[in-house]
Amino acid sequence: MHPNLEIHSHILAIRCPLLRTLFRHFHSKKNLLWLLFCFCFAVNPSLWSQTRENVPKESSPENTTEPVKPKQENGIRVTGKKDQRDREILRTPNSISRLNEQEIQDAGINRTNDIDKQVPNFSIIDSGSRNFTYFNIRGMRSIAFSEPAVGLILDGIPLNDNVALNTELYGLENIEVYRGSQATLFGKNFQGGVVEIKTKKPTNVAEGKITLDFGNYKKQETSVYYNAPIIYDKLYFGIAGKTTEREGYLSNVTGFYYPNNRPYEVPVEIYKTHPDGRKGRAGRFRLYYTPNEIFEADLQVSAESFDDGSLNLVNYLGAKSEREKALLQGCVVAPSNCSKLYGTYVNRVNGDRKVYWDYEGKSNVTGNTYSLATTTKLPYTNLKTASAIRKMDIDPITADADFTKIDQNRSIYIEKATTYLNDIYFESKDKHNPLQFKVGIYSSNKVTNIDQAREHRVQLYVINDFPGLSAPTQEKNLSRLHDRNISFYTHNSYTFFEKFTITLGARLERQESRLSHTEQAVGVSPLNPLGGTLVLSDPYTINNRYNYNVSRMIFDYKPIENLMFFIGVSRGYKNAGYSTVVNIPERASFKPEINDTIEAGVKSEFFHGKFGLKYTQFYTETKDFHVIRAINLSQYVNLNAEMVTIRGYELETFLKPQKDTKLGLSAGYTEGIFNKFQDTVLNRNFDGKWVHFIPKYDIVSYLQYRNDLGIFFRGEFQAVGQMYFAADNTVYSDPYYVLNTRVGYETDKVSAYLYMNNINNRYYFTSYIDGTFQAVPGAPQTYGFMLTYKI
């Protein structure tokens, strides 16, 4: 057996002592020396400029071929049939999934929440609102209060707030998903991976597209982009935008015998409203300036505003699968009661998406981004910069907090955040050189103000707990967060004999963070018509500083042009932070999450691009893993599980049996185990339990047909494994699968499609709210018609 294959097949057998030994030797002060070494190369390129030319080598996904203005012939863009970026990814030692513009359209990706359905070991945890959406790659997931483990980078600008992570997509060029820590590759650190999205860049050729999408649940979407030159070869502009609206999937029901009808009573229902309806709009303006062959600047201004209605939450215990289990268990235990249990089951079997709230709630969010990216082509290197201001407002989210028809409690959440970021780096210019490098400095400054309240509307409760105030009274957690980071990072490679490459990276980061918090009760005061305020806990302020030092090392071997083996070790981290809804200072801070990973993989493509395969295995040890825990209905904290191990694999393969037909399969498996976790809130030990919010597996396979006559068909099968919602593994989502299809007719200018998603109308859950028995159901069966026109 080839030695690389032996390493690859036995990677999961490596255990903790070996990992610790590897990283103890690899993480040292030598990182700083390596950083200085690479910086010397950047500022003194004569050290390597005489090195002989070699086969083009992409040291990293970021260091790709320089953008070249499309060649023009009589105003018509001339492009090659082969996607060069696909070949670069094939030769890059990292687990990456890529979707180009055509593949994005074929898969029906219209928002960020659609991406995970096409990518192995990538899941999106939707907590019932656009404002609380968390990306998860290989078990490295974001949770409330913490920095995102997986980030979104749009045209070179990192966007790490919840509004950006669950937004509409339009005017896209491509999407790339990087799995594993990217701390040494991108300016902003992301522990679990990166979703990089690039939009259509303006050129000398005027182009655009309009897309109309109409479907059930009164869905109406319109998206458009248009790019054109202002001054030929010098200045270009681009505009893009999208409007979206649909009716809610839930039904807020009133009537007799709800929600607790007895087995023999047939419920009488009045459908009141569909509270989770969504509508919104987003837009982007772009100026692209290339005054000469040396300098280019990309200025963008974007804005988005959404009203997502009420939280998409239902009672988990009312799920059909849970009723089926209760029916089966009850019939076995007491056969005489089986008929009554069956009556209850029949009466409620159609209630999967029914809720019984007295208050429907709302969710209003806005996001604005102002960014400038530049490239300066120096004699031996490229200097690139990216600067941005990101403003995000959640104002407000309101919801029924008791989830009953009795108006007792409401939840109110307001968050306003402003982020300033700068990224400046040098990278290789000559892509034929065996030495490729990237070295840079990244800094960010983020200020966040949070007002999280629980409104008590029962007078007796208010009088007892908040003397001097009357209902309604809001119990408020007021927090101000200030987080500053500065990082030095580098990612470099050298190729020997055109076949062996070693890649080394390092990152040094300094984090300074501050939390100011107070808890108050604000309500009606009989003595003061303007209202009264009670201080419920003493205000406190916490300051913390952290230093991070992480590294990465990869070896890859290319025996032939279209085959590569790689093995690498890396360290990643998720920043420390604060829980913002706890009045106990000792519980507010949580430590950074540190993970060490070893991975190995193979990439190949044969038979003139008719067959391709990518396979990667990984093993991760994580220290101080972040876990959220509810203290009560008003206070939550982040805990640190002392040790978690995560292992798994991802597979992507395709086959083109003939030019019109393509078969594709992507599959991922992730196993996360709490090796050591003492829950200090519940005072329970969860050693040996599966880590929650990690699907055990995900699979997507498709059959796609497209011919020269314009006929298009795509059939898709998606499956997701069991996912636990609680650390004790008692609450979980069952495995499920959905079927999707898309049929269309395409011409050079106009394309029309009919589509249907979740054909089998599977009812499943995507998330769960700790301590409430409320869960987030996935989308039901949807169908519609899409029309696109190329301008």
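**Notes on the predicted model**

1. The side chain of T184 makes a polar contact with the side chain of H491, at 2.9 Å. Bear in mind while looking at it that this is a predicted model. As for where T184 sits, look in the loop that links β9 (172-179) to β10 (193-199).

2. Is T184 buried or exposed? T184 counts as buried, because its relative accessibility is 3% and the cut-off for buried is under 20%. Leaving aside neighbours within four places in sequence, the residues in contact with T184 are Y489, T490, H491, G505, A506, R507 and R552. So H491 turns up twice here: in that contact list and as the polar partner of the T184 side chain.

3. Next, strand β4, residues 122-126. Five of its five residues are buried, so the strand is largely enclosed by the rest of the structure. In a regular strand, side chains alternate between the two faces of the sheet. In β4, F122, I124 and D126 point one way, while S123 and I125 point the other way. Both sets are buried, D126 and S123 included.

4. What does β4 pair with? Its partner is strand β5 (residues 133-137): the two run antiparallel and are joined by five bridges. If you want a spot to check by eye, find S123, which stands opposite N136 in β5.

5. Now to the surface. I210, V224, V750, L754, F785, L787, Y789 and I791 make a nonpolar patch of about 630 Å². Two strands, β41 (750-757) and β44 (782-790), supply at least two residues each. The largest share is that of β44, with three residues.

6. One patch member to pick out is F785, which is placed in strand β44. Why does F785 count as partly exposed? Its relative accessibility is 36%, and partly exposed covers the range between 20% and 50%.

7. Finally, the chain as a whole. There are 10 helices and 44 strands in the protein chain. Of its 791 residues, 56% count as buried; T184 is one residue that counts as buried, and the five residues of β4 are buried too. Among contacts with a separation of 6 or more, 69% are between residues 24 or more positions apart. The accessible surface of the chain comes to about 33,700 Å², and carbon and sulfur atoms account for 59% of that.

Key. Residues are numbered from 1 along each chain as its sequence is written. This is a predicted model: local features need pLDDT of at least 70, side-chain atom pairs count only at pLDDT 80 or more; totals for chains, interfaces and linings use all residues. Side-chain values use heavy atoms; hydrogens and water are left out. Helices (H or I, at least four residues) and strands (E, at least two) are DSSP runs, numbered from the N terminus. Buried means under 20% relative accessible area, exposed over 50%, partly exposed in between (1.4 Å probe, protein chains only). A polar contact is a pair of N or O atoms within 3.5 Å; within protein, one must be able to donate a hydrogen and the other to accept it, and residues adjacent in sequence count only if both atoms are side-chain atoms. Contact means heavy atoms within 4.5 Å. Patches are made of residues with over 30% relative accessible area and no salt bridge: like charges are joined within 9 Å, nonpolar side chains (Val, Leu, Ile, Met, Phe, Trp, Tyr) within 5 Å. Accessible areas come from the Shrake-Rupley method with a 1.4 Å probe; for residues, only the protein chains shown count as cover. A salt bridge is a side-chain nitrogen of Lys or Arg within 4 Å of a carboxyl oxygen of Asp or Glu. Two strands pair if DSSP finds at least two bridges between them.
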